[in-house]
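Student: I have a model open and would like to understand what its labels rest on. Could we go through them one by one?
Tutor: Gladly, let's look together.

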Amino acid sequence: MSFLDIHDLGARYGSLRVLDGIDLSVEQGEVVSLIGPSGSGKSTLLKVITGLMKPDRGRVTLAGAAVDYSNRKSLKAARDRLAIVFQQYNLFGNMTVLRNVTVAPTTIKKRNRRQVEEKARELLDRVGLGDKLHVYPDQLSGGQQQRVAIARALCLEPEILLLDEVTSALDPERVSEVLDTIRLLAKDNIAMLIVSHEMSFVRDVSHRIAFMADGRVQEIGSPEQIFDNPQTDRTRDFVGRISRVGH
Amino acid sequence: MHYTLHFGQVTPEIPYLLWGALISLELSVMAFAGGMVIGMVGAIMRLRGGRWLSRLARWYVTFFTNTPQLVQIYFIFFALPEVGILLDPFPAVLLGMTLNAGGYLTEILRAGLASVHQQELDAAETLGMSHLQTLRYVILPHIFKVVMPAMTNQYILMTLGTSMAAIFGVEELTGRAFNINSTTFRSIEIFLLTGGIYVLVTLAATSLLALVGRYAFRARVRIL
Ligand SMILES: Nc1ncnc2c1ncn2[C@@H]1O[C@H](COP(=O)(O)OP(=O)(O)OP(=O)(O)O)[C@@H](O)[C@H]1O
Ligand SMILES: [Mg+2]
């Protein structure tokens, strides 16, 4: 079985059905990207996987264990294996960069403080912020904040990293620094599920790409398949449109 | 036509006034603390309480911020005995000030709570924080940073408001000024001095709050 296995997942906001039978899997160390029109349910899918929103049908299996989202222990076990970075406002404004990265491993997961700090420094070095350890988030640019958020996610040593449009709130010139950071990680054998509108990045970094619309995965395949030889009209339509506007 | 200030009769009374200032301080600190508790509960009810709890909190705020505090205290002082609750002046004034502060602080804290980004809360939750941990590490520091200036203002108003206690016979700073006035009749000197002591007390309090705000919560507040 795949590392993350999603079967027939459904979710809704009130009477609005947003996820309508999602089937998707991510292997260990695999990078899978989700693309699709605005409102197709990509963010909602990540929210359900991380337990921020309850599914109303279907099943999520993580590392061989079915996740029971109404059971705190089961949810906690799942969250121990994953980490997520959002579009913006990830960081805690009242904590320094270093503290943002170390707060969860030390105070929540009770890991050894010295080891965690060492690891945090190393990660912040890797994302190019080794000199900003004691600075507060509002003293950083948006791109720098997102790189801290990624470092923080990694400090949890997750087996899978979920990224929800981490560059879409950034100025164009900041986008590449964050994408480069993610590319670097992709080589690290950590599984990733990436929601992004940066098509050239998605094509470059993903092992597989899933095209979502209307709360379902309409097509999933290699980057070549999705971009050069899509199998469904809807995928062709979307990819055609998005490459015409020059993404 | 020229009035000459004579502090001679008044200066020996300074220690007596300062002890009164201590009672004022006590009153304002306790009412503020109680008001904070009401305010936190009220703010959470307003934002997360669902329809009825939120409405209840709104009514509370409307009532206590739209009637004079003096009237509220009078009401407590004279209405409660009718239902068999007899309060001494100090606790009666304290209760009135606390309920009143609760109304204002609900509004202040609500604004702070509303400014916490949902994504920050989501991040806390997925990082594994419990509700209490989120409150302690994320929500409260954020709120205090945002509302520190408004809270400091509220505290100053309350410190000055303690002078109302004199009307009910509490011998705090203003009450003691009344006492000295009725024996020496040096009104101008006495109330100049009393005003000066109020300035010192509020300045000390604002500086202290500003220090706490700046160093504990990184609030952008000016110290003096
Ligand atoms: N908090 C909410 N309450 C009610 N409806 C919501 C909420 N969040 C999202 N929705 C609705 O759910 C649907 C899916 O939203 P979602 O955010 O998952 O889309 P998305 O694919 O991430 O879109 P985008 O590319 O714009 O981020 C949309 O129709 C949206 O209006
Ligand atoms: Mg989205």
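Tutor: Let's begin with the word contact, which here means heavy atoms within 4.5 Å. Please keep in mind that this is a predicted model.

Student: What does the contact take from chain B and chain A?
Tutor: By that cut-off, 18 residues of chain B and 26 residues of chain A take part. Chain B and chain A bury about 2,000 Å² between them, and 61% of that is on carbon and sulfur atoms.

Student: Why is the pair D138(A) and K145(B) called a salt bridge?
Tutor: The rule asks for a side-chain nitrogen of Lys or Arg within 4 Å of a carboxyl oxygen of Asp or Glu. In D138(A) and K145(B) the closest N and O atoms are 3.5 Å apart, so the pair meets the rule. Across the interface of chain B and chain A, the rule finds two salt bridges. Three residue pairs are in polar contact across the interface of chain B and chain A, both residues being at pLDDT 80 or more.

Student: Which helices of chain B supply at least two residues each to the side that touches chain A?
Tutor: They are α5 (118-126) and α6 (131-161) of chain B. The most comes from α5(B), with seven residues. The residues on that side of chain B divide into seven nonpolar, five polar and six charged.

Student: How many salt bridges are there over all chains?
Tutor: The count by this rule comes to 21. One worth a look joins the side chains of D20(A) and R57(A), at 3.2 Å from N to O.

Student: What makes that pair a link between distant parts of the chain?
Tutor: D20(A) is in strand β2 (residues 16-26) of chain A and R57(A) is in strand β4 (residues 57-62) of chain A, with their positions 37 residues apart along the chain, so to speak: they are 37 residues apart.

Student: What makes S38(A), G39(A), K42(A), S43(A) and T44(A) stand out around ligand 1?
Tutor: They come nearest of the 13 residues around ligand 1.

Student: How do you know that G39(A) and K42(A) have polar atoms close enough to ligand 1 to be polar contacts?
Tutor: The cut-off for a pair of N or O atoms is 3.5 Å. A polar backbone atom of G39(A) is 2.8 Å from an oxygen atom of ligand 1. For K42(A), an N or O atom in the side chain is 2.8 Å from an oxygen atom of ligand 1. Both values are within 3.5 Å, so both pairs qualify. H197(A) also has a polar side-chain atom 3.5 Å from an oxygen atom of ligand 1.

Student: Why is D228(A) said to make a polar contact with R203(A)?
Tutor: The side chains of D228(A) and R203(A) come to 2.6 Å, and the cut-off is 3.5 Å, so the pair is a polar contact. D228(A) lies in helix α8 (residues 223-228) of chain A. Leaving out residues up to four places away in sequence, D228(A) touches R203(A) and P223(A).

Student: What makes up chain B, in helices and strands?
Tutor: Chain B has eight helices and zero strands. Along its principal axes, the C-alpha trace of chain B spans about 70 × 45 × 30 Å.

Student: Where does UniProt place "domain: ABC transmembrane type-1" in chain B?
Tutor: The unreviewed entry puts that feature at residues 21-209 of chain B. In the model, this span is 83% helix and 0% strand, and its end C-alpha atoms lie 18 Å apart.

Student: Which residues of chain B does UniProt list as "transmembrane region"?
Tutor: The unreviewed entry gives residues 16-44, 56-77, 83-105, 152-170 and 190-212 of chain B. Residues 16-44 of chain B are 100% helix and 0% strand, with end C-alpha atoms 43 Å apart. Residues 152-170 of chain B are 53% helix and 0% strand, and their end C-alpha atoms lie 25 Å apart.

Student: Which residues of chain A does UniProt list for "domain: ABC transporter"?
Tutor: The unreviewed entry lists residues 4-239 of chain A. That span is 39% helix and 25% strand, and its end C-alpha atoms lie 26 Å apart.

Methods:
Residues numbered from 1 in each chain as written. Chains lettered and ligands numbered in written order. Heavy atoms only, no water. UniProt positions renumbered as here; feature names shortened; annotations may be inferred. Helix = DSSP H or I, 4+ residues; strand = E, 2+ residues; numbered from the N terminus. Buried area = accessible area lost by both parts, 1.4 Å probe. Polar contact = N/O pair within 3.5 Å; in protein donor to acceptor, adjacent residues only side chain to side chain. Nonpolar A, V, L, I, M, F, W, Y, C, P; charged D, E, K, R; others polar. Near = heavy atom within 4 Å.
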